[in-house]
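User: I am new to this structure and would like to learn how to read it. Please guide me through its features one at a time.

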Amino acid sequence: MCGRFTLAAPAEQVATQFQLPETPALRPRYNIAPTQEVAAVRATEGGRELAMLRWGLVPSWAKDPSIGARMINARAETAAEKPAFRTALRQRRCLIPADGFYEWQAREGGKQPFHIRLADGGLFALAGLYEHWKAPDGSWLSTCTILTTEANELMRPLHDRMPVIIAPEHYALWLAPGLRDVGPLQELLAPFPADQMAATPVSKAVNRVANDGPELLAPAV
């Protein structure tokens, strides 16, 4: 699964890598958690935009937004069939910039958090879906979910799932607004190569959502 992630890269780097028309106003974040707002890149008629979406997808047909807390992840293998995700997979895909994510390994004495990143420490994109939900008062709520797939060799000792990472050369395909056939997207939903990633045990301070500083990335001793 993917329940916490980081985005501390400079906003200028985000704008360049995702070909945004302007530099977004982003602050470094080291412990992004469900129900918080996350940065998401979406296709527009004129190119791309960065929007802030609440993490935890609320389907358009939901009676209330509380369902979003259970929709932070969508299984890539079944998203095309699930009522909560199938329309978004065809029509509302997004890229969620990140430079790492956390996973917890079960150990005697408690779970050990790990920070997983690219081996070169670079910025990457998580595969996301987004939806719009209309509240009874007429206001709109925009939310998102992160797709997951089976774990690669690096992740397997930690968890049997991992987030889908979209390589830069596939950004345009994933965001293509006119693409309604999910068939061409299936090959993008595979586990990212383990030899291009690294995992480091970090402080259990990350367990507390209120903690959000660079010290969370310090290797555990």
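User: What share of the residues of the protein count as buried?

Analyst: A residue is called buried when under 20% of its relative area is accessible. In this predicted model, 50% of the 221 residues count as buried.

User: How is the accessible surface of the protein made up?

Analyst: Such a surface can be divided by atom type. Here the accessible surface comes to about 10,500 Å², and carbon and sulfur atoms hold 52% of that area.

User: Which secondary structure does the protein have, and why is it described as compact as a globular protein of that length?

Analyst: The protein has 3 helices and 13 strands. Its radius of gyration is 17 Å, close to the 17 Å that the globule rule gives for 221 residues, so the protein is as compact as a globular protein of that length. Along the principal axes, the C-alpha trace spans about 50 × 35 × 35 Å.

User: In which sense do strands β3 and β4 pair?

Analyst: Pairing is described by its sense and its bridges. Strand β3 (residues 37-44) and strand β4 (residues 47-55) pair in the antiparallel sense, over 8 bridges. R42 has E49 in β4 as its bridge partner. The two strands, β3 and β4, form a hairpin, with 2 residues between them.

User: In which sense does β4 pair with strand β10?

Analyst: β4 and β10 (residues 140-150) pair in the parallel sense, over 2 bridges. Here W55 has C144 in β10 as its bridge partner.

User: How far apart are the mean positions of the positive and negative charges?

Analyst: The protein has 23 positive and 23 negative charges, and their mean positions are 7 Å apart.

Definitions and conventions:
Residues are numbered from 1 along each chain as its sequence is written. This is a predicted model: local features need pLDDT of at least 70, side-chain atom pairs count only at pLDDT 80 or more; totals for chains, interfaces and linings use all residues. Side-chain values use heavy atoms; hydrogens and water are left out. Helices (H or I, at least four residues) and strands (E, at least two) are DSSP runs, numbered from the N terminus. The radius of gyration is taken over C-alpha atoms; the globule rule is 2.2 Å times the number of residues to the power 0.38. Buried means under 20% relative accessible area, exposed over 50%, partly exposed in between (1.4 Å probe, protein chains only). Accessible areas come from the Shrake-Rupley method with a 1.4 Å probe; for residues, only the protein chains shown count as cover. Lys and Arg count as positive and Asp and Glu as negative; His and the chain ends are not counted. The place of a charge is taken as NZ of Lys, CZ of Arg, CG of Asp or CD of Glu. Two strands pair if DSSP finds at least two bridges between them.
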